[in-house]
Amino acid sequence: MRHIRDLREFVAELDKIGEIQHIEREVDWNLELGAVARRSYELRAPAPLFENISGIGDGFRVLAAPGGLSSQAGLAYARIAIALGLPPDASGADIVTALADARRRDPIPPRLLDTGPCKQNVMRGDDIDLLRFPTPLIHDGDGGRYLQTYGLNIAKTPDGSWTNWSINRMMLLDRNRLACLIPPPQHLGIIKAQWEKRGEPMPIAVALGVEPGLPYVGGMPLPEGADESHYLGAYFGEPLDVVAAETVDLLVPATAEIVIEGYVSHTDVADEGPMGEYPGYLDRSAALPRPVLQVTAVTYRDQAILPVAVAGAPVEEDHTGWGMPHAAEMVHILRRAELPVAACWGVLESANHWWVVAVRPDWHEQTGLSSKQLAEQIGRTVFGAGKLAFGIPKLLLVENDIDIADPRQVIWAFASRAHPEHGEIHFANESQNILPIYLDAHERLSYHATKVVHNCLIADRFEPDERPTPSDLAHAWPADIRRHVIDNWHAYGYR
Ligand SMILES: Cc1cc2nc3c(=O)[nH]c(=O)nc-3n(C[C@H](O)[C@H](O)[C@H](O)COP(=O)(O)O)c2cc1C
Ligand SMILES: [Mn+2]
């Protein structure tokens with residue numbers, strides 16, 4: 001496993017496989033940059049590296065779509081795989097399994113260095129000027145320019161027992177203030193509530209442009225009390241390099257492109273949002289008063305690169321950077337409950353609304369359970385697992401004879417195996433997320449149902465030798481003929 005410790009090295013690796021588009025031409029941060037990035041997701045084209053942003057000096061750059069998908073054959077997940085130290089042709093299942101396996105290893109805390117590249121430039125006091133950075137107005141309709149879309153918010157409980165690293169967006173207000181979206185159930189919200197109880201603002205560091213694996217850990221629903229940087233250490237088998245922040249008692253990634261330090265107020269609020277959101281729509285709500293982060297210092301690398309995720313219709317980083325680690329945590333929790341889980345997946349094209357659990361095809365013989373009983377156990381386990389339940393409105397249960405990372409196969413299984421009437425169980429889920437657009441304004445505050453659709457399961461409806469065989473090339477032709485046809489594909493005239 002190759003541990004890339006710096007965003008620039010990540011860019012260089014992506015460049016080697018044609019996954020970076022250098023854009024030297026001047027691009028406007030005001031909507032143009034976001035539109036180019038958006039189109040790159042839609043075409044699964046290389047990630048744009050904007051090298052010349054209008055009105056922005058100091059050689060600052062923007063890397064957009066750092067976790068987008070690729071149209072190159074066999075390299076769909078290359079950006080995610082390389083970020084996580086895997087070969088560029090890793091499958092979705094490889095990535096989720098690697099993340100889940102690391103949950104069984106001992107956490108490794110970061111290694112403290114004296115200094116690092118993130119300290120090349122320091123702004124304090126009156127020198128602080130966030131307006132110098134290339135912060136985009138991403139979508140037409142956003143409430144402001146978003147500086148934090150793909151960085152890590154680092155915060156610690158007042159008693160020092162727990163440091164949390166998570167991605168939650170932040171909007172630029174002026175030279176030294178950001179407005180923060182901090183949902184109360186998120187760990188940043190839980191930690192903020194502890195500072196509020198003490199009557200003190202929350203110290204925070206926002207690390208932008210970090211080593212490429214770190215955002216995946218920031219999007220992972222590790223349990224309360226777990227330090228995401230320790231899990232990253234377990235994942236790579238070696239620690240994350242950190243340095244001390246300048247003005248807050250926090251450790252920050254040594255190679256971060258930009259680190260913003262400061263305090264989040266409990267009383268000072270400013271209008272934040274709306275912004276394009278992960279369900280794939282521009283948020284319908286108006287701007288809402290949200291906590292202000294008062295900046296006390298900014299440190300940054302020469303010619304810093306700001307990473308940008310353009311939230312919206314799938315597939316973007318909310319789906320890859322949140323969906324894949326979330327699926328990995330689901331594998332871990334179901335394994336720990338000794339349920340016959342083979343794989344989990346958040347269907348990227350569903351924008352994190354369809355989650356899939358694949359059980360081993362022998363689950364019925366092994367457990368003696370009916371599909372309804374199995375679904376009840378899986379639903380209780382997933383929806384009862386605290387943070388894991390956050391953001392899971394629908395869970396499909398299938399057997400592992402399909403590739404759940406292939407949306408075409410998930411659709412096929414759901415359409416062809418599920419009985420029209422039977423096979424859904426609804427669960428109360430206090431952690432239901434509040435964003436899906438099928439909820440009206442009232443429901444968004446009160447809706448807690450979620451469901452497991454288990455009627456795709458077939459093992460208790462057929463004897464093993466009666467199990468339907470897919471009539472596709474993989475199952476319904478002899479292997480030698482299949483091989484011959486595949487090997488001679490170009491000879492047939494196909495490209
Ligand atoms: C690119 C990206 C952007 C995200 N933006 C937000 C956000 O603005 N607000 C939010 O609550 N969660 C957001 N998330 C999801 C959280 O990071 C995720 O729920 C994570 O588990 C939160 O960390 P925590 O479990 O430590 O609270 C985002 C995830 C990714 C990958
Ligand atoms: Mn956390």
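**Close-up 1. Helix H4 passes helix H8 in a right-handed crossing.** Welcome to this predicted model; the first view is of a helix pair. H4 covers residues 92-102, and its axis lies 8 Å from that of H8, at an angle of about 55 degrees. That angle makes H4 oblique to H8. On the H4 side, look for Ile 95, Val 96, Leu 99 and Ala 100. Facing them from H8 are Met 324, Pro 325, Ala 327, Ala 328, Val 331 and His 332. By type, the residues of this contact are 9 nonpolar and 1 polar, with no charged ones.

**Close-up 2. Helix H8 also packs with helix H10, again through a right-handed crossing.** H10 is made of residues 371-383, and its axis comes within 10 Å of the H8 axis. The two axes cross at roughly 120 degrees, and H8 and H10 are therefore oblique to each other. Which residues make the contact? From H8 they are Met 330, Ile 333 and Leu 334, and from H10 they are Ile 378, Thr 381 and Val 382. Sorted by type, the residues of the contact of H8 with H10 give 5 nonpolar, 1 polar and no charged.

**Close-up 3. Ligand 1 sits among 21 residues.** To find your way around, start with the residues that come nearest: Ser 166, Arg 169, His 187, Gly 219 and Gly 321. Three elements each give two or more residues to this shell: strand E8 (163-166), helix H5 (187-198) and helix H8 (317-336). Which element gives the largest share? Helix H8, seen in the earlier views, gives the largest share, with 4 residues. The shell around ligand 1 is a mixture of 9 nonpolar, 8 polar and 4 charged residues.

**Close-up 4. Three strands form an open sheet with mixed pairing.** A little background helps here: strands of a sheet pair through backbone hydrogen bonds, either parallel or antiparallel. In this sheet the strands follow the order E4-E12-E13. Strand E4 (111-112) and strand E13 (251-253) stand at the edges with a single partner strand each, so one side of each has no neighbour in the sheet. How many bridges join E4 and E12? The two strands pair in the parallel sense over 2 bridges, with E12 covering residues 241-244. For a landmark, pick out Leu 112, whose bridge partner in E12 is Val 242.

Technical notes. Residues are numbered from 1 along each chain as its sequence is written. Chains are lettered from A and ligands numbered from 1 in the order in which they are written. This is a predicted model: local features need pLDDT of at least 70, side-chain atom pairs count only at pLDDT 80 or more; totals for chains, interfaces and linings use all residues. A residue is near a molecule or strand if its C-beta atom, placed from the backbone, lies within 6 Å of it. Ala, Val, Leu, Ile, Met, Phe, Trp, Tyr, Cys and Pro count as nonpolar, Asp, Glu, Lys and Arg as charged, and the others, Gly among them, as polar. Two strands pair if DSSP finds at least two bridges between them. Axes are lines fitted to C-alpha atoms, for helices over the stretch in contact, and angles run from 0 to 180 degrees between N-to-C directions. Angles under 35 degrees count as roughly parallel, over 145 as roughly antiparallel, 65 to 115 as roughly perpendicular and the rest as oblique. A crossing is left-handed if the near helix is turned anticlockwise from the far one by less than a right angle, and right-handed if clockwise. Two residues are in contact if their C-beta atoms, placed from the backbone, lie within 7 Å.
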